[in-house]
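Reader: Please take me slowly through one part of this structure, and show me how the pieces around it fit together. I would like one connected account.

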Amino acid sequence: FLFLIPAITMRSISEEKSKGTLELLFTKPLTIYDIVAGKYLAYFVLVLFSILPTFVYYYSVYQLGSPPGNLDSGAIFGSYIGLLFLGGAFVAIGMFASALTYNQIAAFILGAFLCFFVHWAFLYISALPVFATSFDLLIQKLGMNYHYTNISRGLIETKDIVYFISVIVLFVYATIMVIQFRK
């Protein structure tokens, strides 16, 4: 997902800006919110379709287990739910990166960097010896890895869902603000 989703979303807004078709969208009876929401949902559905073929692996391992069905299905479905939230957040980050630049390659690099930073950097920063034991957990909670790990264990808590929804809303709103500023 760290490279797939920025590669998918790199064209979302940057190509429209460079080719001038974004102005054509502004002439339609659509608001910027409609345009960004439509693009977000389209890319999110594409990510959903990229996850669907992996259910074949689940079914295969389920049937080949000894005895059949000897799996921790709660953790597996928790991982799928976590992947949906992670994919939704990465789509929002990728669209934000695409809105910042006119170049698709720059949007891909920036999107991959931002996704990596939001997912992994807080875990590595918290491991620095500078932070005391009380601050390292707080810094870990700022990153996606902490919340995704909780969900992938099969433990779906409200705080993790609120975190992912907040990240999605924040980056979608930032995308809208960047487009409005450039308009």
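Author: Let us start at Gly69, which lies in the loop between helix 5 (55-64) and helix 6, and keep in mind throughout that this is a predicted model. Gly69 counts as partly exposed, because its relative accessibility is 25%, a value that falls between the limits of under 20% for buried and over 50% for exposed. If you compare Gly69 with Thr27, which is 42 residues away along the chain, you will find their C-alpha atoms separated by 55 Å.

From this loop we can move on to helix 6 itself, which spans residues 73-100 and whose axis comes within 7 Å of the axis of helix 9 (residues 144-152), the two crossing at roughly 150 degrees. Because angles over 145 degrees count as roughly antiparallel, helix 6 is described as roughly antiparallel to helix 9. On the side of helix 6, the residues that make this contact include Gly78, Phe85, Leu86 and Ile93, while helix 9 contributes Met144, Tyr148, Ile151 and Ser152. Sorted by class, the contact between the two helices has 11 nonpolar and 4 polar residues, and no charged ones.

Two of these contact residues, Ile93 and Met144, appear again when we turn to the largest nonpolar core, which has 35 residues and in which Ile93, Met144 and Phe164 have the most contacts. Helix 6 supplies the largest share of this core, 11 residues, although helix 4 (32-51), helix 7 (104-126), helix 9 and helix 10 (158-182) each supply at least two as well. Leaving aside neighbours within four places in sequence, Ile93 is in contact with Gly111, Leu114, Cys115, Val118, Met144 and Phe171.

Phe85, another residue of helix 6 in the contact with helix 9, also belongs to an aromatic pair, and the structure holds 11 such pairs. The ring centres of Phe85 and Phe164 are 5.8 Å apart and their planes meet at 15 degrees, so the pair counts as stacked. This pair links distant parts of the chain, since Phe85 sits in helix 6 and Phe164 in helix 10, 79 residues apart. Both partners are buried, Phe85 with a relative accessible area of 19% and Phe164 with one of 0%.

Finally, helix 9 also holds Asn150, which counts as buried because its relative accessibility is 7%. Not counting residues up to four places away in sequence, Asn150 touches Leu155, Lys159 and Asp160.

How values were computed
Residues are numbered from 1 along each chain as its sequence is written. This is a predicted model: local features need pLDDT of at least 70, side-chain atom pairs count only at pLDDT 80 or more; totals for chains, interfaces and linings use all residues. Side-chain values use heavy atoms; hydrogens and water are left out. Axes are lines fitted to C-alpha atoms, for helices over the stretch in contact, and angles run from 0 to 180 degrees between N-to-C directions. Helices (H or I, at least four residues) and strands (E, at least two) are DSSP runs, numbered from the N terminus. Angles under 35 degrees count as roughly parallel, over 145 as roughly antiparallel, 65 to 115 as roughly perpendicular and the rest as oblique. Contact means heavy atoms within 4.5 Å. Ala, Val, Leu, Ile, Met, Phe, Trp, Tyr, Cys and Pro count as nonpolar, Asp, Glu, Lys and Arg as charged, and the others, Gly among them, as polar. Buried means under 20% relative accessible area, exposed over 50%, partly exposed in between (1.4 Å probe, protein chains only). A nonpolar core is a set of buried Ala, Val, Leu, Ile, Met, Phe, Trp, Tyr and Cys residues joined through side-chain atoms within 4.5 Å. Rings of Phe, Tyr and Trp (its six-membered ring) pair if their centres lie within 6.5 Å; planes under 30 degrees apart count as stacked, over 60 as edge-to-face and the rest as tilted.
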